Amino acid sequence: MPRIVRTADVAWEGSLSRGSGVAKAGTGAFELSVDIPSRISDAAVKTSPEELLAAAHATCYVTSLAGEIARAGGTVERIDLTCTVTMDEVGEKGHLIVASEIDARARAEGIDQAGLERAAQVADEGCPFSTLIRASASVSVRAVLESN
Amino acid sequence: MAAERRASVTWNGDLMSGSGTIDEVGSGAFGPLDVSWAARSEETSGGKTSPEELIAAAHASCFSMALSLGLAKAGTPPERLRTSAVVTFVPGTGITKSALTVRGNVPGLDAVGFREAAEEAKKGCPVSQALAGVPEITLDAELDA
């Protein structure tokens, strides 16, 4: 199997509270500002490591789920999925990523709700990012079959 | 205080020939961004992003913030930190490595002090802790020449 390498660069200037950084994707797909207010406040306008993780988990999991629905005999028409990542302060450990919640709505032929739930479970076990992030976070998955 | 961050993705069709889009994120800072299995698993991505690239961006930005905080606490705030994260994905195996490289402009600090602060940031930053299961997380930290 090939080793696939993906790169991102960040340039950070200044202190943590007042400084800011720019994260650039190696592929050129994005170039994004990051700063602390957007990481911890409710009114984020810039992205943050946690939002990037939410996007990473959402995209990693959605490919696993598409694969598992097909393996269960279903045909995917469309999957809509939202991932919410939570960072919290955990006693002496400081800030940790404590939870990642996935909420998927699938339109697919040849699979019922029970089959979709099984596929969603297997997809969680097979998604490399779900496996990793369990080092500090709980992962929960909810999948609902939508009628066409 | 808990901070929640959200991203939404749509996928159309099967894994191999289908494709997806990161439609939106809670902050509104990016999206739509296209993703596909081919862009993820082949050496050239055709300009599309992937979970691994997003993880690289998360790790590099989290590490930079943690290092900035650590340096300021030690009385030597940085003027500039340039960090790259290179994440390796082996299809079928998973994410096997994240390699951090940082070059810092930090008035009043020597190379040894900078490496120590960078090592602490690597250990302590929330994304490193969430990725503790990655077999290899490496660090190359030097002051700007």
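In this predicted model, the C-alpha centres of domain 1 and domain 2 of chain B are separated by 27 Å; domain 1 runs over residues 7–41 and domain 2 over residues 51–143 of that chain.

Helix 2 of chain B occupies residues 51–73, and its 23 residues reach 33 Å from the first C-alpha to the last, which is close to the 33 Å expected at 1.5 Å a residue. This helix of chain B is mostly covered, with 21 of its 23 residues buried, and just after helix 2 of chain B the residue B:Gly75 takes a positive phi of about 85°.

Turning to the contact between the chains, 77 residues of chain B are in contact with 76 residues of chain A. Several elements of chain B each supply at least two residues to the side that touches chain A, among them strand 1 (3–12), strand 2 (19–25), helix 1 (37–41), strand 5 (94–105) and helix 4 (126–130). The largest share of that side of chain B comes from helix 2 of chain B, with 16 residues. The side of chain B that touches chain A is divided by class as follows.

| Class, side of chain B touching chain A | Number |
|---|---|
| Nonpolar | 40 residues |
| Polar | 26 residues |
| Charged | 11 residues |

Strand pairing also links the two chains: strand 1 of chain A (residues 4–13) and strand 4 of chain B pair in the antiparallel sense over 10 bridges, and A:Ile4 stands opposite B:Phe89 in strand 4 of chain B. Strand 4 of chain B, residues 80–90, is likewise one of the elements that supply at least two residues to the side of chain B touching chain A.

Terms used. Residues numbered from 1 in each chain as written. Chains lettered and ligands numbered in written order. Predicted model: local features only at pLDDT ≥ 70, side-chain atom pairs only at ≥ 80, totals over all residues. Helix = DSSP H or I, 4+ residues; strand = E, 2+ residues; numbered from the N terminus. Expected span 1.5 Å × (residues − 1). Buried ≥ 20, exposed ≤ 12 C-beta atoms within 10 Å, placed from the backbone. Domains from an automatic or database assignment. Contact = placed C-beta atoms within 7 Å. Nonpolar A, V, L, I, M, F, W, Y, C, P; charged D, E, K, R; others polar. Pairing = 2+ DSSP bridges.
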